[in-house]
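Thanks for coming. I will go through one structure today, starting with a sheet, then the rest of the fold, then the contact between the chains.

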Amino acid sequence: MEDKRPIENDLNAYWDSLCQRNFDESFPAVEAWIRESNKTVRRSRLERRQRRKRARWFALGIIPLFFILSCTIRVNRVEKSGSLVNFSIDKKEDRSFQKLSSLQQLFTFTCYEFLQPDQPTLAYFIFFIPNKEQEKFSLITRELKLLNGLQKLDISSINYTIRESLFLTFWHKTLQLGEQPMPKSEELTRNIQATLKDKGLDFLSIRISNDKDGNIEFDATKQIPDSLTITNKSTLPGQEKSNQSDKIRNERASMAKLQIFDWLIGSWRVKYVPQTTYHHWSRINDSLLICFIIKYKDEELIKMGDDGPDISVGFSLRYTQSDSILLSLRGIEWKFLSADDKEIHFKNDITPKSANVKWVMDNEKKSWQSAISGEGNLEVVNLIRDNNTAIENIVKEFVAKNPDVIKRS
Amino acid sequence: MQRSSEDFIELLKPVYNNAISYCLALTRNQTDAKDLLQDSLLKGLEKFGALKDDKKFKSWLFTILTRQYYGLYQKSLIKKKFLNQSHYEIAEFPQIFEKETNELNEKALLDALALITEKERVAIVLFEVGNFSMEEIRMIQREKSLSAIKSRISRTRTKLKELILGIQKTLTK
């Protein structure tokens, strides 16, 4: 109890023991120290102020100098321009070809098919996806890996060198601001050719063009002017051996190519015309689609005989030996140019009045518009889906009666 | 604004003993207390020109002492090294402690102070040794709420009582 009492009653005693200590004796010495130190502090403060002033001037001079230098000194940096994908599929895998065709439509990219003479059972494909479409690239490759009969999937990065100032490198690379300079076509061609050479595919010829969006397109105009695919050079050894496989390949390729027009098949009613008119697209064989035009004299659809509709052949779509798609109408031919989910373009260099054909589809492909345009000429036809068995029968009957129509097409 | 060292000495004189006791209570040993006082006086001399109101010298000096204490005893080694480094070539600080104290109460108190947190220690020592008001302590400790200071001091007093009791029991055994 004796120990506890002073704490509980008087904690102040403890504080007093500390506070009542007297250090006055040391004050004169501290006083002298303060006087002495104050001189040093003042001197040092003055020096520091001068140093700071000098540093300010130095910074004023060095920062613009550094900026000028960083804008002047040029550095090289290597950036990835995209990925080159090379794969092969067993030719027997029809479903894989169909799936590949759907993938091309879905992701709007073009696969270029070629053959290797020593491997006639395989169809080889190559395509390039720019680096900015990496997400699309990974989705495509994921889907490709699931293809049946996939023999090899080889992905190579294609790089390009950017030469720019140190400042711009900092701006583009570190701060991720501004637009990255695009690779020059020649450099990219060189880099892709080098990669192809490394892969043993240097017989492939490519042409690269940068479009507005910086996309890179392949074509083989050097080889075959009307072709959109890369093909083997004729000087390749053992080409004769591959002729048979080429035929098989062409049939398969034509199927795959014409599949992008599958949505056309069936009947379409022509809108905004006084006479009831139908367009009926039929697949005649793997490499030919024909559009029959059925014109009614009056409103009755089923009526046949003397009062029956007039039938004629309109457009035809043909997959040619030279690996391209041709659209024909009244003896004029258009080459297939491009296609996506919404538009299909054909081009004709011979008849300027009908130089272009453009087909524009709605999202669900329930209606579309065909426009033939050229010098002072525009022909537009609007069509809406109207599947009608009567029309189909009329066409079948017409084809049966007039087999020459198909031969002519 | 330039101010003479004489003004500084004049203002320091009345709070000199308090300042040393404050340093001793915070650091719990005479060597560290001397270092803390030396660094704080130097800092004070450096910033003295900025002191507008002489009446506020005490709280101004104790704020410097507290900041220096926090700085010197920061856990960050880099900060500790940086703050310990003196900018000046200065004369040696005079001896302020003649000898180690043998006072049992003081020893018990210092031992108990070692067992509480830094914030609690600063608050209670400012209150008991510096005789500062709660509001002044709030300002020195840069706290937003006054009630936080009040409860901190009250809690620390209770804690100290218990700790001193325990220490005394150990000493008597």
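I begin with an open sheet in chain A, formed by four strands in the order S2-S3-S1-S4, with antiparallel pairing. Its edge strands are S2, residues 112–116, and S4, residues 150–165, both of chain A, and each of them pairs on one side only. On average, neighbouring strands in this sheet are turned by 25° against each other, with direction ignored. Before going further: this is a predicted model.

Inside that sheet, take the pair S1 and S4 of chain A. S1 covers residues 74–90, and its antiparallel pairing with S4(A) runs over 15 bridges. As one position to find on screen, Val78(A) is opposite Thr161(A) of S4(A).

Two helices pack on this sheet. Helix H6 of chain A, residues 166–174, touches S1 and S4 of chain A, and its direction is at about 135° to that of S4(A). Helix H7 of chain A, residues 185–198, also touches S1 and S4 of chain A, with an angle of about 145° to the direction of S4(A).

Now the other sheet in chain A. How many strands close into the barrel? There are 10, in the order S7-S8-S9-S10-S11-S12-S13-S14-S15-S16 of chain A, and the pairing is antiparallel. Neighbouring strands of the barrel are turned by 25° against each other on average, again ignoring direction.

I will walk through part of the barrel. S10 of chain A, residues 310–319, pairs with S11 of chain A, residues 325–329, in the antiparallel sense over four bridges. Ser316(A) is opposite Ser328(A) of S11(A). On to the next pair: S11(A) is joined to S12 of chain A, residues 332–339, by four bridges, and the two run antiparallel. Here Ser328(A) stands opposite Glu333(A) of S12(A). The hairpin of S11(A) and S12(A) has two residues between the strands, and Arg330(A) in that hairpin takes a positive phi near 45°.

Further along, S13 of chain A, residues 343–347, and S14 of chain A, residues 356–361, pair antiparallel over five bridges. Phe346(A) faces Val357(A) of S14(A) across this pairing.

A helix goes with the barrel as well. Helix H9 of chain A, residues 389–401, lies across S7, S8, S9 and S10 of chain A and runs at about 55° to S8(A).

One loop residue on the barrel side. Pro274(A) sits in the loop between S7, residues 266–270, and S8, residues 277–285, of chain A. Is Pro274(A) buried or exposed? It is exposed, because just 5 other C-beta atoms lie within 10 Å of its own, and the cut-off for exposed is 12 or fewer. From Pro274(A) to Lys297(A) the C-alpha to C-alpha distance is 9.9 Å, with their positions 23 residues apart in sequence.

Next, the chains as wholes. Chain A has 10 helices and 16 strands. Of its 409 residues, 22% count as buried. Among chain A contacts between residues at least 6 apart in sequence, 56% join residues at least 24 apart.

Chain B has nine helices and zero strands. It has 173 residues, of which 35% count as buried. For contacts in chain B with a separation of 6 or more, residues 24 or more positions apart account for 69%.

Last, where the chains meet. In total, 38 residues of chain B are in contact with 30 residues of chain A. On the chain B side, H1, H2 (16–27), H3 (30–47), H6 (104–114) and H9 (146–172) each supply at least two residues. H9(B) gives the largest share of that side, eight residues. By class, the side of chain B that touches chain A has 21 nonpolar, eight polar and nine charged residues.

One helix pair at this contact is worth showing. The axes of H3 of chain A, residues 27–72, and H1 of chain B, residues 5–12, come within 10 Å and cross at roughly 150°. H3(A) is therefore roughly antiparallel to H1(B), as the cut-off for that term is over 145 degrees. The crossing of H3(A) and H1(B) is right-handed. Glu31(A), Ile34(A), Arg35(A) and Asn38(A) make the contact from H3(A), and Ser5(B), Phe8(B) and Ile9(B) make it from H1(B). By class, this contact of H3(A) with H1(B) has three nonpolar, two polar and two charged residues.

Definitions and conventions: Residues numbered from 1 in each chain as written. Chains lettered and ligands numbered in written order. Predicted model: local features only at pLDDT ≥ 70, side-chain atom pairs only at ≥ 80, totals over all residues. Pairing = 2+ DSSP bridges. Axes fitted to C-alpha atoms, helices over the stretch in contact; angles between N-to-C directions. Contact = placed C-beta atoms within 7 Å. Parallel < 35°, antiparallel > 145°, perpendicular 65-115°, else oblique. Left-handed = near helix turned anticlockwise from the far one by under 90°. Nonpolar A, V, L, I, M, F, W, Y, C, P; charged D, E, K, R; others polar. Buried ≥ 20, exposed ≤ 12 C-beta atoms within 10 Å, placed from the backbone.
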